[in-house]
Each structure stands twice: as C-alpha cells, then as structure tokens.
Amino acid sequence: MKTFKYLFIAALAIFSFNACEDVPAPYDIPAMSGQSGSGSGSGSSESTPEGEGTLESPYNPAAANAYISTLEADVNSDKAIYVKGIICSIKEAPSSQYGNATFYISADGKNAGEKFYVYRCYNLGNQKFTDSDVLNVGDEVIIYGKVVNYRGDTPETVQKEAYIYSHSGATDDDGGEEEEPGEVMTVAQALAAFTGTAKPAIVKGCIVGFIPDKSIDEATFNGNATAKTNIIIADTPDETDITKCMPIQLPSGNIRSKVNLQENPGNYKKVVTLTGSLEKYFGVTGLKSVSKALFEGEEDDSDDENKGNVYLDEKFADGLGSFTTAQIVNDYAWKHEVYNDKAYAKVSGYANGASQDAESWLISPAIDFTGETTASISFDYVINKGDASLAAANHKLMITDNYTGDFYTTNWDEIEFGATNDNTWNFRSTGNIAIPESYMGKEAVVIAFKYVSTTSASSTWEVNNVLVTGEKGGSVEGGDNTGGDNTGGDDNTGGDDNTGDGTLESPYTPAGANAFASTLASGSNSDKEVYIKGIICSIKEAPSSQYGNATFYISADGSTGSEQFYVYRCYNLGNQKFTGNEQLNVGDEVIICGKVTNYMGNTPETVQNAAYIYSLNGETGDDNTGDDNTGDDNTGDANTGDGTLASPYTPAGANAFASTLASGSNSDKEVYIKGIICNVKYQPDAQYGNATFYISSDGTTGSEQFYIFRCYNLGNQKFTGSEKLNVGDEVIICGKVTNYMGNTPETVQNAAYIYSLNGNTGGDNTGDDNTGGDDTGDDNTGGDDTGDDNTGDDNTGGDDTGGDDTGDDNTNLPEGSMSVAQAISAYNGGTTGEVTITAYIVGYAKSAGSGFVGEFSTGTVLSNIIIADNPDETDSAKCMPVQLKSKTDIRTALNISENPGNLGKKVTLTGSLEEYFKSPGLKELTAYSFE
C-alpha cells in the first residue's frame, strides 16, 4: 500500500507533462452534496487513499478523488486509471438509448464513506449497455478510464471514456489496455459491431466495386475502376446492395498498389482479409488505416517481411532511442510518451493553459547511404489541436548531409509528407516517401522532425514507427503520402519531377495542383488563383447552358492511369459561361486558371465557378486576364462595387465577396447589393414574413445572378403576404451574406432586407431592428453537392418557424414544438424522453444547492445555456437549463461565451427531457436551429 503522500508527489510529477488532449472541453454534471474533491469522507478507513491506479493496485474511491484533485479544473487526465469499489447508489441505470450508466462507488458500498462518481461509463469490454443489462447497489466493480476534475471540485470519470473493467469479478475478453483487432469478421458482423467509436478489426469479404468520387451514392459494382484510393467489399461476390457492403480506404503505398481495382482489375470478386480500424468512411461504416491485406490462399509473412536495407527502425518503445532533441525557441522539447500501450515521441507548445512560442527538433542519428541508390522513409503520426491550416507550415520533415550540431550553420532541405491535422488522435501512415536522390551515396545523412508553435496557435505532434529503408525495401512513392482519399489517383507518370509553381509561366501539373491543394485546411479555398496545365482524360459533366460550367479530370499525359486533378464546374475561355454549344474532348490540352480547394480534406479540386479555362489547345479567347473572375455579366464595368450604400455590390461583386468567406460562415458586416429581380422563387409569405428571389445586373437569367434567400421587406419589416415582387423590379438589398456550403453565395436567412424597391425606401431603413437573428442556413438544401445544381435552386426553406416574433412571449410555436413552461409541466422525473422546445436563450446556469440559479449574461461558461419563453426573463424558476456536451458542434454553435450574439436569440432545440442541475432540463441535444 502506498500512502497518499507519495501518490500526490507522483501525480504532480506525472502531470508536469502536457496531456494528450491539450484543450479538453468539460461537460456539465452538477456537484453533488457530500461529494468533495479533497476526500470529504467520514474519517473512516474507507476514506484513506489507497492504491496506485493500476490494474494490479487500483485506486480506492478516496485515492481516485485525491489523484483527480491534483488536476486543473476541467482538464481530463492524459492517462486512464483503474478504480475499485462497491456501487452505493445508482443515478442513471443502464440504458440502450445512450448505452451508458451513472452511479457512485465507495470502498464499503455505503453512502457514509467517501464516494467516487462514475459518470456515464460503458459496460464490460467498453461496450454500450443494453436495456437487459443490470447494475445493483452492492455490486463490486473495477472502473477503467480517463478522469476529470470537473469545475475543480467534482472528481469523476470522463463521459463515455470509461468502462467497467470487471463486474462482481467477471471481465470481458476485450477488457484491458489497447484493444486488439480480435477474430476475423464477416462484413455483416463488422457492420453490426461498429458502435460509432474507432475500433481495430479484421474483416474478410469479396471485392465488389469502388466509389469513383465523393459520395457513397456513386458506388460502382464492377472492376473497371477509375479510382484507386478505395474498394468496396461484401460477403457475397455479386452483392449490389450498398447497405450490405463496406467501403475500404486504401492508404498510399504497397497496400494500395496491391489491392486497388484501377491497377488490378483482376482483384474484382476476389476474397481479401483486411486489418484496419472500423470508422466512418464516406458517411457509413467503413474500414480505414488498413495495415494488412491478404488475398485468399496468400500466407501472412508480415512478421518476417524483408524490409531490404534497414537504416533506421525506431518505434520509441522505451524512450527517444537513438534520436536527440534540440530547442531553438523556449524549452518545449520532444519527449517520450506511452498511452494505452502505444509508445511515441511527442511535442506540444501548449502549456500553462495557453499556446506558447516554441521551436523544437527531433533529430535522427547519422545514416550512411554509401553505395545506396534509392531509399525511403515512412512513419506514423498524429497532428491534433491548433490551427489545421498550419499543418504543413508548422510540422516539417527535414534532411541534411552536413549537420554541424548547430541549426543555424546547417543547410536543411524539406521532404514534404502531406502533413495533415484532422483533429483526431488517430495515427495515420505516410506510406513510403522518397528520400531525394541527391542524398544517395552520402555517408552522414541526418533526418529531423521540426515543430513550431506560436502564442496564437499550438498543436500536438506525435510520431512513431520511423522506418528508413534502401532499395530492397520495395516501391518508393513520391505521390500521395497523406493517407487521404484523393480520388484523382496517385501515380504521376508525367515523367517530370518539376510539378510547376502555379504561375502562367510555370503552371502546376495535376500532381503539383493536388499537392498544393492538399496543404489547405479541409474545405478552405486558396487565397490566390493558380494555373494548372494538363490533358483532359475524362469528362464528368459536359458544358451546360443551364449552369454555364463543366466538370472534368486532367492528367499530365491524358491517361486515367496517371495522377489526375479534378476540375470542378469551371467556366469557359475568357472566364465566360458555357452556352452549351461548346464541346470538350478527351485529349484536349488545357490550362486552368482559378482558385482551388481541399474539399472535405481529401479531394483537391477547383472551386465551383471560381475557375475557368485559360487556354484550350493553345487558344486563349478574348479576355484571359483573370482579373474579374466573378462570372458573366458585370455590366461592362470593372467596378463591381464595394458593398456600401454609396457603391453597392453588383450581383457579381456580391458573389465574389461572399466566395471569400469560409464555408458556411457569415459576413461580419451588412453589405448593400443592387440589381434587378430576374427570378422569384418564393413570393412574400405571411407565414414566414420573407421572400426568396434572384437578382442580376440587367434583370435577365443569362447574366450572373445573386441569390437573395429569405429576406425581409422595406424597413426591415416582415412581409404581410399582401405584397408581390415582380421580375424587373430594381432593388437594393441590405444585409449579411454567407458562403453556404462553400459553394453558394447568398444572403443570410432573415438577416437581410430590401433597402429600396424601384427607388422607394419605405419608412425605416436603419437596419437596427433585424429581428430575424443570424440563421446560418442549416435548412438550405441547395448545398447538396451532387453534381446536379449547386446554385441554391433547391433551397426549400421548410423549417422556418416564422410566426409573429415580437419578443413579448413564446406563444407562436412550430408544429411539434413546446414552450419551456409546457416542457417543465411535462417533466415527470427521471428521463421523460425526446422533446422539441422553442424558446429564447437568456443566459447560463450555475449550480446552487437544490438546483440552479440563472446568470442572465454571456459569462465564460461553455457547458450550458438556459432558455425561457420570454427573451427578458430573469426568474430562474421559469427557465430551463440546457446541456451543451463537450467536443460537439452543438456546443460550438450555441454557447454564449464564444457566441455572445446568441443571447436573446430564439432557438428550437431537440433533446432528452431529464434532470439537469436537479431540475427539469434538456440534455443529449440532437438538433438545433435559430429562427
């Protein structure tokens, strides 16, 4: 037995390091009376801290509380611990609805002793509970998982990151530290086994097809593949029901080369056994991070695989091994860490609750390449937290052959490895990366991992399995090393190592364009136009007069076997819309000019309607300056306006401005847009008080149009329904705009109005009384990028609750929704079930004895809000607390600390009506929408 004195010292030593999750987000559970972070027991032996937190010596409840009390408030432990005790009270019985349970344990099973709070843990084997599972007071359990010092005064397990390791002595075969893949599963078994959390698995099935582009709906069941980054497997070779299939992500390297159908059409209908991680892929259950692929009849010789000339094989099992570290800026060094039996080297510039300036290097020993002609490096890594757009800039693989021990006198070259920050803790493999030929034959080559952070952004970088091999180690690829889903293919057969620099003088090759776009953050657009040269190898959407654009793939040599770049909905020569009379042909040589994006973080492509054909088979057209890339009809004037009342944007100018916004984000200011109505989609409506229409500079649909989505009438007043808008009406619109889905510029729903109509400005155009709020356009269905029509035409607006939102009360409710008063009245204790409530955000809740008190301001709390039927409510008894779960988009969108503008907004929430802050509350939110 160890006394707490030594335990406390050990805990402090452990937590002088950074946690694996640098900026954990807390969740809300009210502090319980009698529960203390400092061991507030009865003074009996049950309150004496005992144990070390290991399986061999679990903490007792008192020791667990004491250990957690050393953590900073709301910071999760960076390791999982074992806690042993007897259930003394059950707060939330096992539920198949959520799959977890909440209860207290004490050393003797009595409430009198010190208790530990087990919050929403899973069952044996880290599996979700079902309704048939039972926990009883008196059951002895060992809990395994991460813990948190909630609000600095309530030690507890982290929600859904802990589970019952043993229950009354019984354990599950899966219980323990690092999960192993287990037995080989069929596709049907794997689909049933996936619970939403990444899980190692071995799956056996028949290769039945592939997904050629971005959507599971495009699944193709044949062997004539046009993509080599994925396959589809099923339990039978003739399966064509996608719900019975599983998509498989093929990482770059030997596995992709061996398995993909594009290069290996003979693999079609073959049986293959794959080892990887069950995760969401193409929006459904799939297998990613594949580490092994064996065809039926093939022996597994991975344990004695010939790695050729192995120059470096570092797994960081017991430390940093042969690597050394050096810090240039501040003392945030690479260090060795083990988590869940996985060892790695780690560095982070996050310390003392904030990002810090840091530059740290992890340096290999000297490698002797004398006599070597070809070599490669591969490693596994995680980059998480911080600014994803800085992944390539702040995480670099460097190489030199003249390391002096002084960074400032050493000449370094960079080896690009496709650094990607995907905001997860899942390791990805780089695949084999070619070491530059210029270093072959050198006898003292040093490789280093360079990490940088600043006070404005810091990440965590973890690296393991660093392997450097010679030419006997297999194929060395220089194409796609990101492990992502670049559907254009990988093999650049253009025969030229120069991929261009994106200028007109030196356009990117398709491979160069893919590499450049891959450095962008997921979904973000380049801030500049680039030039890309290639030959059309396949056409997906021929030139269309309806939308004025075309979609096709280009490669360096015009073949689909070479690396391809995706030219998505680009315009014609001179940045003019296609009329539909033009024709593009496979074999045409083109230079494309425009912005590019890293769509979904895995598909480099041009930005819709923000790129055009600069030259076609050498012909450049009349106007190829690229200066006005806003579309067709700019009324003959290069001045598209500046968005002020004195100089309103033209429709083209508004499109261009909105296109600079991040996908789905709103402008931070109101702008003015002038045009003539050319198409009315929804006439003014008394139910919702708004109208939807298109405007162009000349009132025709042939000119560039801007989408006015659900705007109000003159004076920023709601329409009554008696008004009518006509094609040909000249309007000036005032309001905020958004780049919906990253491809549809439009006004923000109910945050714009008609400033003037045919010269009439109405009574009140100050814009101060914009009661519609800041609706992000969540029910804008026009954003479905299916290749049909992404101009916003299918913007149905079916979920606009409308009503007479005067701010006096909340009596005008959408169908199926209830008020706060009705929800409080409906609450019957325990968990009432799923409800939808429409109310106003009026503040946040603070725990107070038998319930909560409302703080009717923005504050600094992220974990909850309170809602009421009146926007000016200050009586806590008429309010309802709403839980905002950590690490969710809902918390990010709704909390009023980071979104002070949400205070006073009307919102519709769907969640579980249950006890929260010892009062009727709304938890487990599944949906929200602002009015």
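The following exercises, each with a worked solution, concern a predicted model of a protein chain.

**Exercise 1. Overall composition**

Determine how many helices and strands the protein chain has, and what share of its residues counts as buried.

Solution. Begin with the secondary structure: the chain holds nine helices and 42 strands. Next, take burial: 54% of the 931 residues count as buried. Finally, consider contacts between residues at least 6 apart in sequence: 67% of these join residues at least 24 apart.

**Exercise 2. The nonpolar cores**

Identify the residues that touch the most other members of the largest nonpolar core, and state which strand gives the largest share of this core.

Solution. The largest nonpolar core has 33 residues, and within it Phe379, Ile435, Phe449 and Trp461 touch the most other members. The strands that each supply at least two residues of this core are strand 16 (342–348), strand 20 (375–384), strand 21 (395–400), strand 25 and strand 26 (460–470). Strand 20 provides the largest share, with five residues. A second core, separate from this one, comprises 25 residues, including Ala190, Phe194, Ala201 and Val290.

**Exercise 3. The largest cavity**

Describe the volume of the largest cavity, the residues of its lining and their chemical character.

Solution. A search of the whole structure yields three cavities of 30 Å³ or more. The volume of the largest is about 50 Å³. Its lining consists of Gly386, Asp387, Leu390, Ala391, Asn394, His395, Val452, Ser453, Ala457, Ser458 and Ser459. Two elements give two or more residues to this lining, namely helix 5 (391–394) and strand 25 (446–453). Sorted by character, the lining residues comprise four nonpolar, six polar and one charged.

**Exercise 4. The surroundings of helix 6**

Decide whether helix 6 is mostly covered or mostly open, and name elements that cover its buried residues.

Solution. Helix 6 spans residues 510–518, and seven of its nine residues are buried, so that the helix is mostly covered. The buried residues are Pro510, Ala511, Gly512, Ala513, Asn514, Phe516 and Ala517. Their cover includes strand 27 (530–541), strand 28 (550–555), strand 29 (564–570), strand 30 (589–599) and strand 31 (603–616).

**Exercise 5. Serine 696**

Establish whether serine 696 is buried or exposed, and find the backbone atoms that its side chain reaches.

Solution. Serine 696 belongs to strand 33 (residues 691–696). Its relative accessible area is 0%, and therefore serine 696 is buried. Leaving aside residues up to four places away in sequence, serine 696 touches Pro651, Gly675, Ile676, Cys678, Ser703, Glu704 and Gln705. The side chain of serine 696 reaches the backbone nitrogen of glycine 699 at 2.9 Å, and the backbone oxygen of threonine 700 at 2.9 Å. The C-alpha atom of serine 696 is separated by 6.5 Å from that of phenylalanine 706, a residue 10 places away along the chain.

**Exercise 6. Arginine 428**

Explain why arginine 428 counts as buried, and state which side chain it joins through a polar contact.

Solution. Arginine 428 is placed in strand 23 (residues 428–429). The cut-off for burial is under 20% relative accessible area. Arginine 428 has a relative accessibility of 17% and therefore counts as buried. The side chain of arginine 428 makes a polar contact of 3.3 Å with the side chain of aspartate 422.

Notes:
Residues numbered from 1 in each chain as written. Predicted model: local features only at pLDDT ≥ 70, side-chain atom pairs only at ≥ 80, totals over all residues. Heavy atoms only, no water. 1 Å grid on protein atoms, 1.4 Å probe; cavity = no way out; pocket = protein on both sides within 12 Å on 5 of 7 lines; lining within 4 Å. Points joined across faces, edges and corners; volume = space filled by probe spheres on them. Helix = DSSP H or I, 4+ residues; strand = E, 2+ residues; numbered from the N terminus. Nonpolar A, V, L, I, M, F, W, Y, C, P; charged D, E, K, R; others polar. Buried < 20%, exposed > 50% of the residue type's maximum accessible area, 1.4 Å probe, protein only. Contact = heavy atoms within 4.5 Å. Polar contact = N/O pair within 3.5 Å; in protein donor to acceptor, adjacent residues only side chain to side chain. Core = buried A, V, L, I, M, F, W, Y, C linked by side-chain atoms within 4.5 Å.
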